[in-house]
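Thanks for sitting down with this one. Below are some friendly notes to read alongside the sequence and the structure, written as numbered points.

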Amino acid sequence: MEQPDKANDAPGAPSSAGEPEAGPSADASGGHGRGHGRTAALIGTALVLGLIAGTCTGYLVQAGREPTPLPPLAQPVLPQATGKAPAPLPAAQDRRVRTDGDLRALLLEKPRGAKQADESDWPVGADGWMDLAEYAENFGESDRMFGQLAMGEFRRAAVTAWAGKDHSVEIRLVQFRQERTLAAVDAVDDNQYWADAADTDSWAVPGTGDGRAYVHNRPGTGPGNEPRYGAEAFASRGDVAMEIWVYGSKRVSKKLIMDLAERQMERL
């Protein structure tokens, strides 16, 4: 039996030798790839342009609107003061007026029966005042102290001293300008640091923020190398630092140094 021609019956073969293929050529996947890609690109571009146009329109609309005012802060309404202002304090009650005047007038007075202190023990300056050089002489390394006091805004120092039966007393009121630092407080801190030695009792001075009194239980060596007991008290108020020094042949009592410190601070 005769077999048909396989070349003519194969799928995809032309029906006749001269007949052209029908329709456009398909890509490998069977679809029209190039036409679909162009359509997607055009749609994407349109979306981007639409977003940009919408954003610009939103900015223009917002810029044309009046600014929205912020809500008011919740603050209590305070009552306003009415009437006349209070009269200024009299000089007797205004501490700044007192300390800017004659500082010597604020020193404790010499007790009845006490003698003027020996100048060799207690140099009291000229007429109750000590200048910067005289005050610096009370410290070791007085040259260095002179420079420190000048940098520390030393202004002036008023001093008094007396000698009793068993003890001698010196009181200094040292005033500072205090334009840059709280120099009076710093001076009290320094003195208290050196006073707080071994075998020493100390107490806070009532009515002061930083006041403290010290009593040394062992005698030290004073002028002439005789042993002497000592006590000190230091406090500040405003721009004035108070210093009290007590020395004697007997141990200084707490009552004595505390009484001196409290009465002197009451005058500032």
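1. Where do Asp259 and Arg263 both lie, and how many residues apart? Please keep in mind that this is a predicted model. The two residues belong to helix H7 and are four residues apart, which is about one turn of the helix. Their side chains meet in a salt bridge, with a distance of 3.0 Å from N to O. Asp259 is partly exposed at a relative accessible area of 32%, and Arg263 is also partly exposed, with 36% relative accessibility.

2. Next, a small network of charges. Salt bridges that share partners join Asp102, Arg104 and Asp127. Within this network, Arg104 bridges to Asp102, and the closest N and O atoms are 3.0 Å apart. Arg104 has a relative accessible area of 27% and is partly exposed; Asp102, at 39% relative accessibility, is partly exposed as well.

3. Another salt bridge is worth finding on the model: Asp201 with Arg251, where the closest N and O atoms are 3.3 Å apart. Asp201 lies in strand S5, while Arg251 sits in the loop between S9 and helix H7, so this pair ties together parts that are 50 residues apart in sequence. Asp201 counts as partly exposed, at 31% relative accessibility, and so does Arg251, at 38%. In total, the structure holds eight salt bridges.

4. Now follow S5 into its sheet partner. Strand S5 (residues 200-204) pairs with S6 in the antiparallel sense, over five bridges. One place to look is Ala204, whose bridge partner in S6 is Arg212. S6 also runs antiparallel to strand S8 (residues 227-237), and four bridges join them. Here Val215 stands opposite Ala231 in S8.

5. Is strand S6 largely enclosed or open? Of its five residues (212-216), four are buried, so the strand is largely enclosed by the rest of the structure.

6. On to the aromatic rings. A pair of rings is described by the distance of the centres and the angle of the planes. The count of aromatic pairs comes to six. In the pair of Tyr135 and Phe154, the ring centres are 5.5 Å apart and the planes meet at 20 degrees, so the pair is stacked, the cut-off being under 30 degrees. This pair links distant parts of the chain: Tyr135 is in helix H4 (residues 132-136) and Phe154 in strand S3 (residues 154-163), 19 residues apart. Tyr135 is buried, with a relative accessible area of 3%, and Phe154 counts as buried at 7%.

7. A second ring pair brings us back to S8. The centres of the Phe234 and Trp245 rings are 5.3 Å apart and their planes lie at 75 degrees, so this pair is edge-to-face. Because Phe234 lies in strand S8 and Trp245 in strand S9 (residues 240-248), the pair ties together parts that are 11 residues apart in sequence. Phe234 counts as buried at 1% relative accessibility. Trp245 has 16% relative accessibility; why does that count as buried? The cut-off for buried is under 20%, so Trp245 falls within it.

8. Finally, return to the stacked rings for a wider view. Tyr135 and Phe154 belong to a cluster linked by ring pairs, together with Phe139 and Phe176.

Technical notes: Residues are numbered from 1 along each chain as its sequence is written. This is a predicted model: local features need pLDDT of at least 70, side-chain atom pairs count only at pLDDT 80 or more; totals for chains, interfaces and linings use all residues. Side-chain values use heavy atoms; hydrogens and water are left out. Buried means under 20% relative accessible area, exposed over 50%, partly exposed in between (1.4 Å probe, protein chains only). Two strands pair if DSSP finds at least two bridges between them. Rings of Phe, Tyr and Trp (its six-membered ring) pair if their centres lie within 6.5 Å; planes under 30 degrees apart count as stacked, over 60 as edge-to-face and the rest as tilted. A salt bridge is a side-chain nitrogen of Lys or Arg within 4 Å of a carboxyl oxygen of Asp or Glu.
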